[in-house]
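Welcome, and please open your viewer. We will go from stop to stop, with something to select at each one.

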Amino acid sequence: MKMKGTQILLECLKAEGVEVMFGYPGGAVIDIYDELHRNPAVKHILVRHEQAAVHAADGYARATGKVGVALATSGPGATNTVTGIATANMDSIPIVVFTGQVPTHLIGNDAFQECDITGITRPCTKHNYLVRNPDELASTIREAFHIARTGRPGPVLVDLPKNVIAAEVDYDPAKIRINATKLSLPPKPSSKKFVQMLEMLRASRRPVLLTGGGILLGKASDELRAFARRAKIPVTSTLMGLGAFPGSDPLFLGMPGMHGTYYANMAISHCDLLICIGARFDDRVTGKLDTFASNAQIIHIDVDPSSINKNIVVDLPIVSDAKSALENINRLLKDNNYAPTDAERKDWLEQIEAWKKKAPLAYCQDAEHIKPQCVIETLYELTKGKAIITTEVGQNQMWAAQFYRYDDPNTFISSGGLGTMGYGFPAALGVKLAFPDRIVVDIAGDGSIQMNIQEMATAMQYNIPVKIVLLNNGYLGMVRQWQELFYEKRYSNTDMTFQPDFVKVAEAYGWEAFRAKRPEEIRPVLEKGLFSNRPCLMDFQIAREECVYPMVRPGASISEMTLGTREMTN
């Protein structure tokens with residue numbers, strides 16, 4: 001059957017199960033939008049900036065486990081997607097981004113709105129394509145989705161010249177073939193590796209599990225819970241892995257690293273066996289490499305062999321996706337009747353409980369100032385832990401990670417590796433479209449919310465009732481905190497007291513909006529905003545110089561922490 005390239009694109013999206021995509025039209029993709037108008041098979045959300053389109057697709061992907069899709073025009077439309085693509089790449093999120101391109105005969109001529117987007121995104125995509133032959137359009141799209149979702153997931157960009165999508169060619173879905181060299185087969189580690197792991201576990205008296213986003217991407221939360229509980233191993237999770245293991249489980253230690261809990265960092269520093277699954281030993285987690293888990297043997301399980309022995313040299317590397325590895329481990333434990341007794345773990349778990357009692361997550365509440373931690377705790381209480389939380393980046397992100405407990409997978413959505421301010425709000429739009437019956441809350445700072453605040457219009461146009469909890473301190477808070485602690489309070493260009501009235505801004509877009517200035521106003525404002533059926537911004541004017549603690553100084557050992565007014569002792 002003869003079909004135009006635009007029709008083939010939509011047919012391929014339907015075949016991949018795409019229900020929604022986020023985009024912004026322009027001259028190079030106007031034919032695609034014309035096709036969407038006549039054939040609305042895939043719901044399109046018109047954002048107000050292409051960066052937001054990619055973040056929304058990213059949030060949709062993280063919440064659902066499906067591939068997120070974004071569409072932008074050529075030139076500036078394409079370059080505006082780069083931050084979103086790099087964000088997804090750092091966190092291994094499966095998205096496919098389609099960009100328009102000038103006709104093939106004009107490529108290289110500095111044509112209007114021409115840019116080499118495949119060259120620009122080569123370092124920050126898992127793969128990218130410039131489709132020059134209309135006959136290769138369908139197979140390229142199928143390959144793009146396959147590559148995005150398999151192995152270590154990641155973003156794929158497909159650049160579509162205007163004449164390619166306007167061309168009419170034969171289309172037969174039964175004849176679409178993926179280039180065999182692009183097929184990714186799951187690794188199959190030797191069973192001897194798991195036997196060796198069991199021997200190391202039997203010999204251990206102080207084991208710790210360090211888990212990351214690979215658990216969520218691999219849909220291995222159930223297997224992780226079964227393993228940790230059977231083997232009675234405490235679990236600490238990186239920022240990207242929150243929710244994979246229940247935050248309310250007694251075995252859970254919270255986050256490790258720079259703003260990790262005292263007890264997670266102490267457990268890693270004193271364990272004799274560290275089992276890392278689906279994490280990459282990021283510098284914010286490890287601190288000073290020489291002292292990280294220096295008393296432990298280390299097992300590292302990861303689907304990406306290039307991540308193993310990259311930052312930390314390990315004793316037992318296992319290349320595997322998290323789900324397959326944990327299924328193997330659980331089967332091996334069962335076959336060998338391995339389940340340590342309470343007595344075997346007694347000393348280790350009691351030591352961890354002592355650390356928890358010595359330095360729990362805490363803050364000083366007074367009668368005058370709203371403490372951001374109290375806002376998060378009240379949010380947790382009112383939503384019963386069932387909201388899906390997205391965050392911006394900075395202090396708001398760390399408080400959201402520390403003081404809201406995530407019991408379910410894919411309920412904490414945040415930019416980890418790239419640390420992208422402006423991520424959380426458009427990501428929340430993507431999450432809410434995927435889960436319209438869940439409360440979806442973006443926890444934001446007053447600096448980061450202004451980076452994509454224009455998407456309030458998108459929320460209104462499509463009736464996407466997300467909530468924004470704004471922790472407003474009139475500073476770029478995390479940078480200010482570093483200036484306070486490490487630069488003798490020289491607050492260079494972090495004061496943002498000149499800012500809009502966020503309540504009026506939200507109301508101008510048609511949102512509901514409320515403000516709280518005193519501690520007793522926290523709960524009433526949250527109750528009004530959370531349970532409204534409209535988009536709502538809640539502006540909490542928090543203590544201006546509140547800091548995130550614990551904190552490990554950059555480059556220091558994670559066992560050397562500061563708890564604010566209380567000095568840490570190891």
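Which residue lies over the face of Tyr475, at 4.0 Å from the ring centre? Select Tyr475 and look above its ring: the residue there is Arg544. Keep Tyr475 on screen and add Arg480, whose charged end also sits over the ring, 5.5 Å from its centre. Do keep in mind along the way that this is a predicted model.

**Aromatic pairs**

Across the whole structure, a search finds ten aromatic pairs. For one of them, select Phe281 and Phe292: the two rings meet edge-to-face, 5.8 Å centre to centre, with 75° between the planes. Phe281 lies in the loop between β11 (273-277) and α13 (283-286), while Phe292 lies in the loop between α13 and β12 (297-302), so the pair ties together parts that are eleven residues apart in sequence. Both Phe281 and Phe292 are buried.

Next, select Tyr380, Tyr404, Tyr406 and Phe412, which ring pairs link into a cluster.

**The open sheet**

Now show the strands β9 to β13. They belong to an open sheet of five strands with parallel pairing, in the order β10-β9-β11-β12-β13. At its edges are β10 (235-237) and β13 (316-319), each pairing on one side only. From one strand to the next, the twist averages 15°.

Zoom in on β11 and β12, which pair in the parallel sense over five bridges. Select Ile275 here, and you will find it opposite Ile299 in β12. Then add helix α9 (residues 191-203), which packs on the sheet and touches β9 (207-211), β11, β12 and β13. The direction of α9 makes about 140° with that of β13.

**Two cysteines**

Why is Cys115 not bonded to Cys124? Select both and check the distance between their sulfurs: Cys124 holds the closest cysteine sulfur to that of Cys115, but at 12 Å it is too far for a bond. Seen from the other side, Cys124 is in no disulfide either, and its nearest cysteine sulfur is that of Cys115. A search of the whole structure finds zero disulfides. Cys115 counts as buried because its relative accessible area is 15%, and Cys124 is buried too, at 11% relative accessibility.

**Last stop: helix α1**

Finally, select helix α1 (residues 5-15), where Gly5, Thr6, Ile8, Leu9, Leu10, Cys12 and Leu13 are buried. An α-helix has 3.6 residues a turn, so residues three or four places apart point the same way. Step just past the end of α1 to Gly17, which takes a positive phi of about 80°.

How values were computed:
Residues numbered from 1 in each chain as written. Predicted model: local features only at pLDDT ≥ 70, side-chain atom pairs only at ≥ 80, totals over all residues. Heavy atoms only, no water. Buried < 20%, exposed > 50% of the residue type's maximum accessible area, 1.4 Å probe, protein only. Helix = DSSP H or I, 4+ residues; strand = E, 2+ residues; numbered from the N terminus. Phe/Tyr/Trp six-rings, centres within 6.5 Å; stacked < 30°, edge-to-face > 60°. Lys NZ or Arg CZ within 6 Å of the ring centre and 35° of its normal. Pairing = 2+ DSSP bridges. Axes fitted to C-alpha atoms, helices over the stretch in contact; angles between N-to-C directions. Contact = heavy atoms within 4.5 Å. Disulfide = S-S within 2.5 Å.
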